[in-house]
Amino acid sequence: MFNLINKTGSTLSHLTPRGSPIFLSPFLVLIELVSNMIRPITISVRLVANMTAGHLLMHLLSQFLCYLYPLTFFMLPLAIILTILELIVCVIQAYIFCALISIYSSEIH
């Protein structure tokens with residue numbers, strides 16, 4: 001939004017690829033503009049979906065362990081492995097989030 005408001009001409013010319021036919025330019029600019037506008041939404045949905053899926057899986061496993069109380073000893077290693085996996089996914093998501101924010105913010109200047 002910052003780039004579009006302050007540098008409208010250069011932003012719109014950046015959205016048109018070189019060598020594209022002149023009659024397709026308005027459509028290409030519109031498609032690229034919509035793509036750039038929904039980037040923050042897509043990164044948010046991706047993060048929320050991944051975090052929710054991990055937490056939901058851990059919650060379901062803990063509820064399952066409560067019903068199988070006599071067999072908890074056998075299920076405990078699975079819960080520990082799942083917790084470690086959730087921590088690894090958390091670190092990877094943080095890295096991806098930082099990388100994408102860095103890439104998106106570098107396009108502004």
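These legends describe several views of a predicted model of one protein chain.

**View 1. The whole protein chain, built from helices.** The protein chain contains five helices and zero strands, and when it is read along the sequence the pattern is α-α-α-α-α. Of its 109 residues, 15% count as buried, and the protein chain exposes about 8,500 Å² of surface, 78% of which is supplied by carbon and sulfur atoms. Among contacts between residues at least 6 apart in sequence, 53% join residues that are at least 24 apart.

**View 2. Helix H4, from residue 39 to residue 67.** Helix H4 has 29 residues, and at 1.5 Å a residue it should span 42 Å; because the C-alpha atoms at its ends are 42 Å apart, the expected span and the model agree. Several residues of H4 are buried, namely Ile 43, Leu 47, Gly 54, Leu 61 and Leu 65. When the side chains along a helix are followed by eye, it helps to remember that an α-helix has 3.6 residues a turn, so residues three or four places apart point the same way.

**View 3. A nonpolar patch on the surface, shared by H3 and H4.** Leu 30, Val 34, Met 37, Ile 38, Ile 41 and Val 45 make a nonpolar surface patch of about 540 Å². Helix H3, which covers residues 25–37, and helix H4 each supply at least two residues of the patch, and the largest share, three residues, comes from H3. One member of the patch, Ile 41, lies in helix H4. Ile 41 has a relative accessible area of 52%, and because a residue counts as exposed when this value is over 50%, Ile 41 is classed as exposed.

**View 4. The largest nonpolar core, with residues from H4 and H5.** Five residues make up the largest nonpolar core of the model, and they are Leu 61, Leu 65, Met 75, Ala 79 and Leu 82. Helix H4 and helix H5, the latter covering residues 72–106, each supply at least two residues of this core, while the largest share, three residues, comes from H5. Leu 61 and Leu 65 have already appeared among the buried residues of H4, and here they can be viewed together with the other members of the core.

**View 5. Met 75 and the residues that it touches.** If residues up to four places away in sequence are not counted, Met 75 touches Leu 61, Phe 64 and Leu 65. Met 75, Leu 61 and Leu 65 are among the residues of the largest nonpolar core.

Definitions and conventions. Residues are numbered from 1 along each chain as its sequence is written. This is a predicted model: local features need pLDDT of at least 70, side-chain atom pairs count only at pLDDT 80 or more; totals for chains, interfaces and linings use all residues. Side-chain values use heavy atoms; hydrogens and water are left out. Helices (H or I, at least four residues) and strands (E, at least two) are DSSP runs, numbered from the N terminus. Buried means under 20% relative accessible area, exposed over 50%, partly exposed in between (1.4 Å probe, protein chains only). Contact means heavy atoms within 4.5 Å. Accessible areas come from the Shrake-Rupley method with a 1.4 Å probe; for residues, only the protein chains shown count as cover. The expected span of a helix is 1.5 Å times one less than its number of residues. Patches are made of residues with over 30% relative accessible area and no salt bridge: like charges are joined within 9 Å, nonpolar side chains (Val, Leu, Ile, Met, Phe, Trp, Tyr) within 5 Å. A salt bridge is a side-chain nitrogen of Lys or Arg within 4 Å of a carboxyl oxygen of Asp or Glu. A nonpolar core is a set of buried Ala, Val, Leu, Ile, Met, Phe, Trp, Tyr and Cys residues joined through side-chain atoms within 4.5 Å.
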